[in-house]
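Got the viewer open? Let's take a walk through this one together, one selection at a time.

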Amino acid sequence: MVRPYGKGHKRKKKGERYDKEEDEVEDKQVEEENTDDETEISAQDAEEKTEEEREELPELEGIPVGPSTQTAKKPGVIFVLEKASLEVAKVGKNYQILNSEEHANFLRRNNKNPADYRPDIIYQALLSILDSPLNKAGCLRAVYVKTDKGVLFEVKPYVRIPRTYKRFAGIMLQLLQKLSIAAVGKREKLLRVIKNPVTQHLPLNSRKIGFSHSSDKLVEMEKYVAGVGGDTDLVFVVGAMSHGKIECDYIDDFISVSEYPLSAAWCIARICEAVSKKWRVL
């Protein structure tokens with residue numbers, strides 16, 4: 001007589017493989033029952049890693065790169081995205097990037113406000129920058145992202161950001177754990193954690209412009225950038241958080257580009273459009 005399997009048990013077949021979606025369903029069930037302590041990466045933790053230690057890390061799967069048309073013969077644009085919500089925690093069995101949609105119960109159990117955990121904002125902001133004609137014309141020099149925990153990392157202009165948030169969150173998790181991500185089949189690091197402050201990575205002759213709806217200086221963006229010298233690199237500092245104001249002591253000018261509060265992605269779109277017209281990028 002064949003002994004029946006108990007409830008909840010599955011017969012394992014030789015060579016059987018479970019896809020990622022089944023694993024994620026199981027992890028989501030564990031999430032509701034498990035309240036493991038969070039594991040965070042701070043700016044100091046990231047900077048304590050030496051360059052030699054980073055080189056010893058196993059090479060990651062990598063992400064694809066797009067064609068690069070960047071040129072250093074003319075001034076360019078640099079974006080600094082401040083206060084990005086990219087916090088790593090162990091939820092259930094796995095480490096994940098916390099977000100308000102999937103981890104609301106976990107965040108409440110740990111006395112945190114779910115509304116503060118919006119990694120989708122930095123995802124949309126990066127897509128807006130990297131997909132812009134300004135970048136495709138080779139005018140984007142670099143993108144720097146600083147998390148709300150103070151970790152600073154660089155995104156190369158020719159990186160192809162994943163088209164889905166789920167894949168993007170996986171890339172960010174790898175970056176914050178391994179401190180760098182290489183191109184597919186290459187050793188070149190397309191995303192890498194770098195040392196603070198961000199000012200040491202900015203050009204000396206650049207004009208640093210911050211954006212906030214609370215600024216008293218409301219401008220028409222096209223006219224504003226038209227008045228900046230043609231031989232000056234432009235650094236745009238935009239907040240990548242759900243609410244609040246960026247506070248940076250290195251900004252030369254603080255402006256607002258609309259009478260209404262704008263998302264980071266919309267603010268970036270206005271910036272890119274204005275600069276594209278100034279430099280005749282169609």
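How many disulfides does a search of the whole structure find? The count is 0. Keep in mind along the way that this is a predicted model.

**Stop one: the cysteines**

Go ahead and select Cys272. Look for the closest cysteine sulfur, and you'll land on Cys267, 9.6 Å away, which is too far for a bond. A disulfide needs the two sulfur atoms within 2.5 Å. Cys272 is also buried, because its relative accessibility is 5%. Now hop over to Cys139: that one is buried as well, at a relative accessible area of 0%.

**Stop two: a pair of rings between strands**

Time for some aromatics. Searching the whole structure turns up 5 aromatic pairs. For one of them, show the side chains of Phe79 and Phe236: the ring centres are 5.6 Å apart and the planes meet at 40°, so this pair is tilted. Colour the strands next. Phe79 belongs to strand β1 (residues 77–84) and Phe236 to strand β9 (residues 234–239), so the pair ties together parts that lie 157 residues apart in sequence.

Are these two rings buried or exposed? Turn on a surface and check: Phe79 is buried, with 0% relative accessibility, and Phe236 is buried too, also at 0%. Before leaving, add Phe211 to your selection, since Phe79, Phe211 and Phe236 form one aromatic cluster.

**Stop three: along a helix**

Next, pick Tyr165 and Phe168. You're looking at another tilted aromatic pair, with 6.3 Å from centre to centre and 45° between the planes. Both residues sit in helix α7 (residues 165–178), 3 residues apart, or about one turn of the helix. Try the surface again here: Tyr165 is partly exposed, at 21% relative accessibility, whereas Phe168 is buried, at 0%.

**Stop four: a charge over a ring**

Select Lys245 and Phe254. What sits over the ring of Phe254? The charged end of Lys245 does, 5.3 Å from the ring's centre.

**Last stop: out on a loop**

Finally, find Asp216 in the loop between β8 (207–211) and α8 (221–226). With 80% relative accessibility, Asp216 counts as exposed. Now add Ile255 and draw a distance line between the two C-alpha atoms: Asp216 and Ile255 are 7.2 Å apart in space, though 39 residues separate them in sequence.

Conventions: Residues are numbered from 1 along each chain as its sequence is written. This is a predicted model: local features need pLDDT of at least 70, side-chain atom pairs count only at pLDDT 80 or more; totals for chains, interfaces and linings use all residues. Side-chain values use heavy atoms; hydrogens and water are left out. Rings of Phe, Tyr and Trp (its six-membered ring) pair if their centres lie within 6.5 Å; planes under 30 degrees apart count as stacked, over 60 as edge-to-face and the rest as tilted. Helices (H or I, at least four residues) and strands (E, at least two) are DSSP runs, numbered from the N terminus. Buried means under 20% relative accessible area, exposed over 50%, partly exposed in between (1.4 Å probe, protein chains only). A charge sits over a ring if NZ of Lys or CZ of Arg is within 6 Å of the ring centre and within 35 degrees of the ring normal.
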